[in-house]
Protein chains: 2
Amino acid sequence: MVRVSTRDEILRVAAERFARSGYKGTSLQDIAVEVGCSKATLLYHFAHKESILQTLIAPAARDLSDLIARLDTLGDAEVQTPAIEGFVDLVLRYRREVALIQDVIPQFQHEPAFEPVRPLTARLCAAFTGRSADPAHDIAAEVLLGGIAGLVIDDDRAAADVRPALIRVARRALIAASHDDDDKD
Amino acid sequence: MVRVSTRDEILRVAAERFARSGYKGTSLQDIAVEVGCSKATLLYHFAHKESILQTLIAPAARDLSDLIARLDTLGDAEVQTPAIEGFVDLVLRYRREVALIQDVIPQFQHEPAFEPVRPLTARLCAAFTGRSADPAHDIAAEVLLGGIAGLVIDDDRAAADVRPALIRVARRALIAASHDDDDKD
DNA sequence: GCCCGCACTGACCGAACGGTCAGGCAGACT
DNA sequence: AGTCTGCCTGACCGTTCGGTCAGTGCGGGC
């Protein structure tokens, strides 16, 4: 039996409940009951409900930010493969956090605090296309980004099983799309 | 000035608010204020809040069901193109409804009423892969299905502009994937 | 023994939620 | 004139929400 702090236990339970029932669909009371403490204890460790959310997604957000910064240092011709593999590895490592982020996007995307996130996704999208100027390639990249992030959410297959399939479908759709443009209908 | 019934106005406002702030993030009061009627009027026209939701997504659900039934009549070799084009046209026609459905999936997917939906998506997924038995093809199809549905949500580009790009990325990723299997790494 | 800080709690708060209900009101029919 | 029906409403209900607060128990340093 490992010794776990109440704070860590709150985060563990909250992550699970938020992913299962959504952020708004999970009350502090729900979390407190499963943790085995009072609701006031949650608000002793975290100032607000939103603080729990921020704490949960912070590591994933940091790693995503690091990935994007690293991709920015690469040249146009060599950026796609690291982008695809880096992103796939990221969402597979943070499955629950990805589900959580996708859940709260509708209610936070219009807030001013969400503003600096948009250029981040644009840079990631650009890395996926190999910085192509073709808007059709941008659409393809957005589809792949969203599709990959969406798949890992409620998928119970092992990461090692899905990883190669995800990378392959992204390579097919993106690398082919940005290298040969002669098959337009 | 066209004459619109209160009921239709409720549906119009609810669709917009649900898509913008989410189902749980939109109260009956919010809708009533924007419609210009009382909250009780909403509950006169619709028995519950959930009835509004069901009414909104019913046409999209019916068309999706029809599409899947039509795809079931096609052979394995000829099903992919109609599946891709049919699905893209569907989500482009029902952008707001798609956003709404994706928003409420986390809170309704565990309910028994959601049970008959799962085989539907499996059949659509199978049509996307050309009924391939390879699990990697299934993953590719799920990525594309989710990615395409996710893209149209908060995309303000005209349907005619995105449609060819969506179809092309899906064809690249899926048709190539299921016809030549000799590039595994 | 005393005190202090940390972890924690029960009781409580105002606000907002979905939903109920008795009744008002305008127009059509008898 | 009377009545019936469909549309609509204000007032209200119980519940649940996130959050506050005074206070309790306790382990460790002095």
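Begin by selecting Ala127(B), which, leaving aside residues up to four places away in sequence, touches Leu71(B), Val79(B) and Ala83(B). The model on your screen is a predicted one, and every stop on this tour should be read with that in mind.

**Stop 1: around Ala127(B)**

With Ala127(B) still selected, colour helix α7 of chain B, residues 117–129, since this is the helix in which Ala127(B) has its place. Is Ala127(B) buried or exposed? Ala127(B) is buried, because 24 other C-beta atoms lie within 10 Å, and the cut-off for calling a residue buried is 20 or more. Now add Val79(B) to the selection and draw a line between the two C-alpha atoms: the separation is 5.9 Å, although Ala127(B) and Val79(B) are 48 residues apart along the chain.

**Stop 2: the loop after α7**

Move to Arg131(B), which is found in the loop between α7 and α8 of chain B. Arg131(B) has a positive phi of about 55°, although this residue is not a glycine. That deserves a pause, because most residues other than glycine have a negative phi. Arg131(B) counts as partly exposed, because there are 17 C-beta neighbours inside 10 Å.

Then select Arg131(A), placed in the loop between α7 (117–129) and α8 of chain A. Arg131(A), which is not a glycine, also has a positive phi of about 55°, and with 16 C-beta neighbours inside 10 Å it counts as partly exposed.

**Stop 3: chain A as a whole**

Hide everything except chain A and switch to a cartoon view, in which you should find nine helices and zero strands, so that no sheet needs to be looked for in this chain. Along the principal axes, the C-alpha atoms of chain A fill a box of roughly 65 × 40 × 30 Å. Of the 185 residues in chain A, 35% are buried. If you display contacts within chain A between residues at least 6 apart in sequence, 68% of them join residues at least 24 apart.

**Stop 4: α6 against α8 in chain A**

Select helix α6 (residues 95–108) and helix α8 (residues 135–153) of chain A, which pack at an angle of about 115° with their axes 8 Å apart. The crossing of α6(A) and α8(A) is left-handed. To see where they meet, show the side chains of Arg95(A), Val98(A), Ala99(A) and Gln102(A) on α6(A), and those of Ala149(A), Val152(A) and Ile153(A) on α8(A), as these residues make the contact. Sorted by class, the residues of this contact are five nonpolar, one polar and one charged.

**Stop 5: where the two chains meet**

Bring chain B back and superpose it on chain A, which takes a rotation of 180° with 0.0 Å of shift along its axis and leaves an RMSD of 0.0 Å. The two copies are therefore related as by a two-fold rotation axis. Which residue of chain B comes closest to the rotation axis? Select Gly147(B), whose C-alpha is at 1.8 Å from that axis. The same surface serves both copies, with 100% of the contact residues of chain B recurring in chain A.

Next, select the contact itself, in which 27 residues of chain B meet 27 residues of chain A. On the chain B side, α6 (95–108), α8 (135–151) and α9 (159–179) each supply at least two residues, and the largest share, eleven residues, comes from α8(B). By class, that side of chain B has 15 nonpolar, seven polar and five charged residues.

**Stop 6: the DNA strands**

Finally, show DNA strand C together with the 14 residues around it, of which Thr6(A), Cys37(A), Ala40(A), Thr41(A) and Ser27(B) come nearest. The elements that each supply at least two residues of the surface near strand C are α3 (39–45) of chain A, together with α2 (28–35) and α3 (39–45) of chain B. The residues of this surface divide into six nonpolar, six polar and two charged.

Turn then to DNA strand D, which 14 residues surround, the closest being Ser27(A), Thr6(B), Cys37(B), Ala40(B) and Thr41(B). Near strand D, α2 (28–35) and α3 of chain A, together with α3 of chain B, each supply at least two residues of the surface, and the residues there divide into six nonpolar, six polar and two charged.

Technical notes:
Residues are numbered from 1 along each chain as its sequence is written. Chains are lettered from A and ligands numbered from 1 in the order in which they are written. This is a predicted model: local features need pLDDT of at least 70, side-chain atom pairs count only at pLDDT 80 or more; totals for chains, interfaces and linings use all residues. Axes are lines fitted to C-alpha atoms, for helices over the stretch in contact, and angles run from 0 to 180 degrees between N-to-C directions. Helices (H or I, at least four residues) and strands (E, at least two) are DSSP runs, numbered from the N terminus. A crossing is left-handed if the near helix is turned anticlockwise from the far one by less than a right angle, and right-handed if clockwise. Two residues are in contact if their C-beta atoms, placed from the backbone, lie within 7 Å. Ala, Val, Leu, Ile, Met, Phe, Trp, Tyr, Cys and Pro count as nonpolar, Asp, Glu, Lys and Arg as charged, and the others, Gly among them, as polar. A residue is near a molecule or strand if its C-beta atom, placed from the backbone, lies within 6 Å of it. Copies are superposed by least squares on the C-alpha atoms of residues with pLDDT of at least 70 in both. A residue is buried if 20 or more other C-beta atoms lie within 10 Å of its own, exposed if 12 or fewer, and partly exposed in between; C-beta atoms are placed from the backbone.
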